[in-house]
Amino acid sequence: MGANEPEEEGPVIEVIDVCTQIGTQLIHNGVSLTVNRGEVMALVGGSGSGKTTLLRHVIGLTQPTRGKIKLFGQDLAELDRDAAHRVRQRFGTLFQYGALFSALPVFDNIALPLRELRVLDEGLIHDLVMMKLHLVELECAHARKMPAQLSGGMIKRVGLARSLSLEPELLVLDEPTAGLDPDRSESFVKLIKTLGRELHLTAMMVTHDLDTLFTLADRVAVLAEQRIIAVGTVDEIAALPHPFIRNFFQGERAERARKMAAAHIHK
Amino acid sequence: MAGAVLRHEFAGGGRSVLHLEGEWTLRHFDAGFAHISAHMIELGADPRVDWDLTGITAFDSAAAMAVWRAWGRRRRESARVNPEHEALFARVAAVPPLPHVTKVPDWLRPIVFLGRRVLILFENLASIAVLLGQMIFDSIYLVRHPRDIPWREISANIHKAGTQALPVTAMVGFLIGVVLSYLSALQLKNFGADIYIINILGIGVTREMAPVLAAVLIAGRSGSAMTAHIGVMRVTEEIDAMATMGIPASLRLVLPKVSALAIVTPLLVMWTTAAALLGGMLSANYQLGLSYSFFMETLPKVVPIANLWIGFIKGVMFGVVVAIVACHYGLRIRPNTESLSAGTTGSVVTAISSVIVVDAVFAILTKDIGLDL
């Protein structure tokens, strides 16, 4: 996959002094963040802190009121149509509820980005889709099913397969484990971790889930008070005295999650 | 193909080497790829061609799959591949091959298709009958428990289906009245029978045009809105949520819609009739010189009141038909975009068709009423 790309210099995502105002409400006030190549960055924050809004800026769905968003060193606001299109092909997005096209079966959902390229023949597309299904550990039998017939875990996996269709360098995930039961959640997180390593992906994810944080994240950015108040490894952040961080990281659930993650790493 | 290079080097004695160089990633495949791919497959079938992939600087699994296919889905031993790219071939090889499904021509397909449609038709009719029956049960229940009458829901539906439809029905009615009057006047002038424009307009509009027109407008407006409303409630599980709270969907969702349309449609028919007659009156005045006072005096004389009642009763029936069809389609909507669009389309089309059928039946039943022949 992005395995042997000539390593580009510089960070993959740069959020530079972003301010977002919606109506009279100021959501972001000077948010800055950098995601380096090959790392998994988790974005945490309270409900309503603007995590999803920031994510939507990064994937180019919305523009900030002030500030710059750079992907692969290119300012999103200054790209013409073709350049923007090429940048879009370099990252994949996994939406919170999968966002599968409800009118298409699983196969066509994953094939859609490949078909949109209009350069591949159907035979090759067929093989590539099967490869992606295999990658996310789904059986071929599921290829003909419609999204309404899939369970939550399967929807996420198909969504993941679709986001990886174009062999992206960057993966953006919105609450990857939302709505999954603990077993599914764990296996999904493991899958993302394995794939991320194998495919040399850079990832940015918004998450509430502590288990996901401890298992997947290389660095964590905390969004609170309309800006990033801290960035660092999970352990570094967990030790900070900020009230939000204290509640998030130092409660009982956090302790349990940390112990479980440590146990898994040493297995 | 900028970045991905295919170079065929001829050695002696019929042998040659195919060099793959540059950036072989999905991103670098452009319109020339089809040609490159065909070339690769052609050369892959030739055993005298050796493959050299060491010149590849960037390789992803999509490109690996393309090469794999050219190799006939086997690792070609003689091919020289960089060690870091071997993993990609391992991954590509691990994908289980899907058996190709050959399409068997099914000669019975048209018959099965027709049969299935007929069965679906019967099933739909049965569901509508159930819905109608449930309405009747609910109405009987409400007669005995008047406290449970869903006034707020009925009122909201009356506002949406009725009050908000007044402008559009007025405008459409007025314009149709003008057009009808204009066309009829042209013909009547030939016979010197200008005066009968009032009869034609009066009976035609009151008895047929206004009810059918109003019903079609209501089907398009409120019918589709009701279908989409109930359909989305089904998809977002709101109807289930209501059921768990002991709120019956038929009583609080379907009945208010049906009663509201039953109340509103005849009133809208009256409204449309008035607008159309107004338009006709204006046009007759302009074209034939018929004065407004003459028109308004003569109208009740030549148009028996029975026609007004017929229009009114048709309105009630059309309203009930549109609402029941809309609710029926809404309750069958499944959670995908195709189903929603097909459901709303079906609802409007079926409602309009049913209205026309009911209108025809009514016309036959009342052919001796209201026309002084």
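Trainee: How many residues of chain A are in contact with chain B?

Mentor: The model is predicted: local features need pLDDT of at least 70, side-chain atom pairs pLDDT 80 or more, while totals for chains, interfaces and linings use all residues. Residues are numbered from 1 along each chain's sequence, with chains lettered from A and ligands numbered from 1 as written. Contact means C-beta atoms, placed from the backbone, within 7 Å. Chain B brings 31 residues to the contact, and the number for chain A is 23.

Trainee: Which class has 14 residues on that side of chain A?

Mentor: Take the classes in turn. Four residues there are charged (Asp, Glu, Lys, Arg). Five are polar (the others, Gly among them). The 14 are nonpolar (Ala, Val, Leu, Ile, Met, Phe, Trp, Tyr, Cys, Pro).

Trainee: Move to chain B. Why is α6(B) called oblique to α9(B)?

Mentor: Helices are DSSP runs of H or I, at least four residues, numbered from the N terminus. Helix α6 (166-191) and helix α9 (249-288) of chain B pack with axes 7 Å apart. Oblique means outside the ranges under 35 (roughly parallel), over 145 (roughly antiparallel) and 65 to 115 degrees (roughly perpendicular). So α6(B) is oblique to α9(B), at an angle of about 40 degrees.

Trainee: How many charged residues are in the contact of α6(B) with α9(B)?

Mentor: Nonpolar residues number 18 in the contact of α6(B) with α9(B). Nine are polar, and the charged count is no residues.

Trainee: Now the open sheet in chain A. Which strands stand at the edges?

Mentor: Strands are DSSP runs of E, at least two residues, and two strands pair if there are at least two bridges. The six strands run β6-β7-β8-β3-β9-β10, with mixed pairing. An edge strand has a single partner, so one side is left without a neighbour in the sheet; here these are β6 (91-94) and β10.

Trainee: What stands opposite Leu43(A) in β8(A)?

Mentor: Strand β3 (40-45) and strand β8 (202-206) of chain A pair in the parallel sense. Four bridges join β3(A) and β8(A). Opposite Leu43(A) is Val206(A).

Trainee: What is the bridge partner of Val220(A) in β10(A)?

Mentor: Strand β9 (219-224) and strand β10 (227-232) of chain A run antiparallel, joined by five bridges. The partner of Val220(A) in β10(A) is Gly232(A).

Trainee: Which residue takes a positive phi in the hairpin of β9(A) and β10(A)?

Mentor: Two residues lie between the strands of this hairpin. The phi is near 50 degrees, and the residue is Glu225(A).

Conventions: Two residues are in contact if their C-beta atoms, placed from the backbone, lie within 7 Å. Axes are lines fitted to C-alpha atoms, for helices over the stretch in contact, and angles run from 0 to 180 degrees between N-to-C directions.
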